[in-house]
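Thanks for making time, everyone. I would like to walk you through a structure that will be new to most of you, so please have a look at it before I go on.

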Amino acid sequence: MDSVNSVDDEATPGERPATPPHDPDLLELRTPAQFKALGHPVRHRIVNLLRQRPATLGELAAALQAAKGTIGYHVRVLREAGIVRLAGTRHVRGGTEQTLALVSRGFRLHEEAVADPEFLVRAALGEMLPPRPGQAEQTLLNHLWLTQEEAHALIARLRDLLPPPGRTPPPGGEPYGLLLSLYPADIPTLPPCPSGESAAKNSTS
């Protein structure tokens with residue numbers, strides 16, 4: 001394994017190495033610093049790598065085909081935002097090798113988050129690839145007219161469809177993105193047809 005430069009070995013102020021996350025399940029995203037950290041495409045890819053397992057700075061740099069100094073800078077931003085933690089260190093060839101991990105197995109948007117759904121849409125578009133011939137892919141846009149009770153019930157059903165975050169990639173498995181969104185839509189609505197006109201249209205159809 002590659003050792004890390006001393007500039008990358010410094011602990012982020014206020015962070016204790018190898019301390020387990022305070023919330024073992026989901027980290028609520030709500031601060032501008034968190035959304036700014038996750039909004040950069042390189043940092044988004046680092047988080048996607050660490051969703052799979054903890055990794056060293058050298059492993060992250062090799063997977064992203066980028067310079068270790070560049071990845072070290074982006075990791076520091078993620079650590080200062082409270083998204084990535086230092087999971088452990090060990091001495092290697094006269095240097096110190098860091099193992100980095102996410103602070104939680106997944107994330108969720110806080111109800112008072114400063115970001116809006118566009119943040120997730122931009123993230124999905126940034127990692128979306130054109131499907132290869134024969135590769136599974138499906139993108140649909142549909143519109144529903146729902147009561148508030150029906151909308152909340154549908155959201156609960158959609159959440160039940162999601163696999164648990166932090167799942168280890170199975171052998172031979174390929175990465176897919178799944179973006180679920182139920183949002184109030186800006187769609188004009190026609191008033192109901194008068195009963196007589198409706199009957200006339202049905203008789204001529």
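In this predicted model, strand β2 pairs with strand β4, residues 95-102, in the antiparallel sense, and the pairing runs over two bridges. If you want a place to anchor your eye, look for T56, which stands opposite T99 in β4. These two strands belong to an open sheet of three strands, in the order β2-β4-β3, with antiparallel pairing. Because β2 (55-56) and β3 (84-92) each have a single partner strand, they stand at the edges, and one side of each is left without a neighbour in the sheet.

Now, what lies across this sheet? Helix α3, residues 41-50, lies across β2, β3 and β4, and runs at about 85° to β4.

Let me turn to helix α2, residues 32-39, whose buried residues are Q34, F35, A37 and L38. These cover an arc of only 160° around the axis, which is why they end up on the same side of α2. The face turned away from that buried side carries P32 and K36, which are exposed.

Stepping back to the chain as a whole, we have eight helices and five strands, and, read from the N terminus, the elements run α-β-α-α-β-α-α-β-β-β-α-α-α. Of the 205 residues, 27% count as buried, while the accessible surface comes to about 14700 Å², with 56% of that belonging to carbon and sulfur atoms. Finally, if we take the contacts with a separation of 6 or more, 70% of them are between residues 24 or more positions apart.

Note on methods: Residues are numbered from 1 along each chain as its sequence is written. This is a predicted model: local features need pLDDT of at least 70, side-chain atom pairs count only at pLDDT 80 or more; totals for chains, interfaces and linings use all residues. Side-chain values use heavy atoms; hydrogens and water are left out. Buried means under 20% relative accessible area, exposed over 50%, partly exposed in between (1.4 Å probe, protein chains only). Helices (H or I, at least four residues) and strands (E, at least two) are DSSP runs, numbered from the N terminus. The arc is that of the directions from the helix axis to the C-beta atoms. Contact means heavy atoms within 4.5 Å. Accessible areas come from the Shrake-Rupley method with a 1.4 Å probe; for residues, only the protein chains shown count as cover. Two strands pair if DSSP finds at least two bridges between them. Axes are lines fitted to C-alpha atoms, for helices over the stretch in contact, and angles run from 0 to 180 degrees between N-to-C directions.
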